[in-house]
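Visitor: Hi, I'm new to this one. Can you walk me through it?
Guide: Sure, let's bring it up.

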Amino acid sequence: MPKADALITIDLGKIVENYRQLLSIFRGKTLAAAVKADAYGLGASIVAPALARAGAESFFVASLEEGISLRMALTPTGRNFRIFILNGLGPGSEKDFIDHGLCPVLNSLAQIRSWAAQAERQGTSLPCTIHLDTGMARLGLPDDEIEELIKDATPLNRLDVRAIMSHLACADDPDHALNEAQLTHFKDLARQLPPAPLSIANSAGVLLGPHYHFDMARPGIALYGGNPLSGAASPNNPPRNPMAPVVRLRGKILQVREVKASKSVGYGATHRLTDRARLATVVLGYADGFMRSLSNRANAWIRGHQVPVVGRVSMDLVTLDISSLPENHAQPGLFVDFIGPDDGLDQLARQAGTIPYEILTRLGARLHRHYIAAKI
Ligand SMILES: *Cc1c(COP(=O)(O)O)cnc(C)c1O
């Protein structure tokens with residue numbers, strides 16, 4: 001055990017296992033990996049090379065800066081990977097994309113024209129993805145620009161269009177009518193544009209079935225063990241998570257105390273003890289991404305026993321009621337699981353009123369990160 005008082009363990013073998021599980025159902029050609037936001041907080045410079053060893057050849061990040069870091073992290077592999085930048089081609093950033101061999105996801109006609117002009121100046125064809133907005137109203141060409149591109153697709157002549165893509169708004173809810181509506185709309189638009197590989201699926205999209213697979217998919221959360229279908233059904237009755245858990249989150253017990261009935265616990269005295277209780281004070285707080293909204297809501301596991309968080313989560317510490325445990329079962333120095341080896345991530349997200357994506361990306365910089373190497 002490292003010297004750290006609170007740590008996350010990231011099992012790269014499980015990330016590889018999840019990639020392979022998606023690969024086994026994926027009917028398209030390219031299973032890319034979304035490693036934006038530092039691979040959902042898990043460390044892109046370590047996670048991406050592991051995915052590369054599992055066979056991933058294309059990666060999606062959000063920003064140009066993330067793309068440049070990822071390119072550097074992947075250089076030692078000696079292989080040439082495609083790195084797509086979802087935020088698109090910012091004004092004046094053409095040179096950075098070229099210097100680092102990055103592919104912009106072109107989100108507007110203006111971006112398409114700038115990239116085509118750059119290709120013209122260089123006398124080459126430049127790689128890119130064209131993003132069509134079919135229902136997110138977030139990024140990608142809006143309807144009127146798509147229409148214009150369909151009427152005159154000459155700006156694409158200079159471009160090596162690696163994919164025409166779109167993004168699903170409700171893929172985490174397989175019964176939502178918007179999935180099929182977006183799919184139909186996407187196919188209809190793609191038919192009217194010059195032929196290119198197609199891509200619409202994120203993690204949940206891959207699970208929606210082969211109609212959504214096309215040539216490329218771009219899963220993220222499923223690789224990191226989050227339930228891609230967490231938007232489906234009632235929050236209290238989520239569908240089983242098909243992915244292997246990747247992340248374990250632990251904190252160390254600093255003190256154990258017996259507290260009299262009628263005493264309160266923590267800031268704001270939000271939890272009052274009805275009986276005499278034994279409490280454990282554990283290293284983990286909202287500064288570590290253990291959100292304050294988990295006050296009086298989350299659970300932890302001590303040697304397989306579930307115990308509740310009582311009182312407010314503070315910046316560096318959290319308090320557990322361990323009265324239900326046999327005495328001497330939990331001593332200072334012992335580590336407690338907050339995301340356990342068995343899928344505590346989705347439950348924690350529900351208790352915090354959020355989704356596994358937010359839990360992972362908020363895990364704080366102070367946490368020690370321990371990686372378990374993939375055996376490939
Ligand atoms: C983040 C993102 C993905 C990956 O989504 P997951 O739900 O994590 O699988 C795919 N495509 C786009 C456009 C994204 O922004």
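Visitor: How far is an oxygen atom of the ligand from an N or O atom in the side chain of Asn 202?
Guide: The gap is 3.1 Å, and a polar contact here is a pair of N or O atoms within 3.5 Å. This is a predicted model, where local features need pLDDT of at least 70, side-chain atom pairs count only at pLDDT 80 or more, and totals for chains, interfaces and linings use all residues. Residues are numbered from 1 along each chain as its sequence is written, and side-chain values use heavy atoms, leaving out hydrogens and water.

Visitor: And what about Arg 218, which ligand atom does its side chain pair with?
Guide: A nitrogen atom of the ligand, 2.9 Å from an N or O atom of the Arg 218 side chain. For Tyr 40, a polar side-chain atom is 2.5 Å from a ligand oxygen.

Visitor: How much of the ligand's accessible area does the protein cover?
Guide: It covers 93% of the 390 Å² that the ligand has on its own (Shrake-Rupley method, 1.4 Å probe).

Visitor: New topic: where is Val 256?
Guide: Val 256 is in strand E11, residues 247-259 (strands are DSSP runs of at least two residues, numbered from the N terminus).

Visitor: Why does Val 256 count as partly exposed?
Guide: Because its relative accessibility is 30%; buried means under 20%, exposed over 50%, and partly exposed in between, with a 1.4 Å probe and protein chains only.

Visitor: How far apart are the C-alpha atoms of Val 256 and Pro 332?
Guide: They are separated by 6.6 Å, though the two residues are 76 residues apart along the chain.

Conventions:
A polar contact is a pair of N or O atoms within 3.5 Å; within protein, one must be able to donate a hydrogen and the other to accept it, and residues adjacent in sequence count only if both atoms are side-chain atoms. Helices (H or I, at least four residues) and strands (E, at least two) are DSSP runs, numbered from the N terminus.
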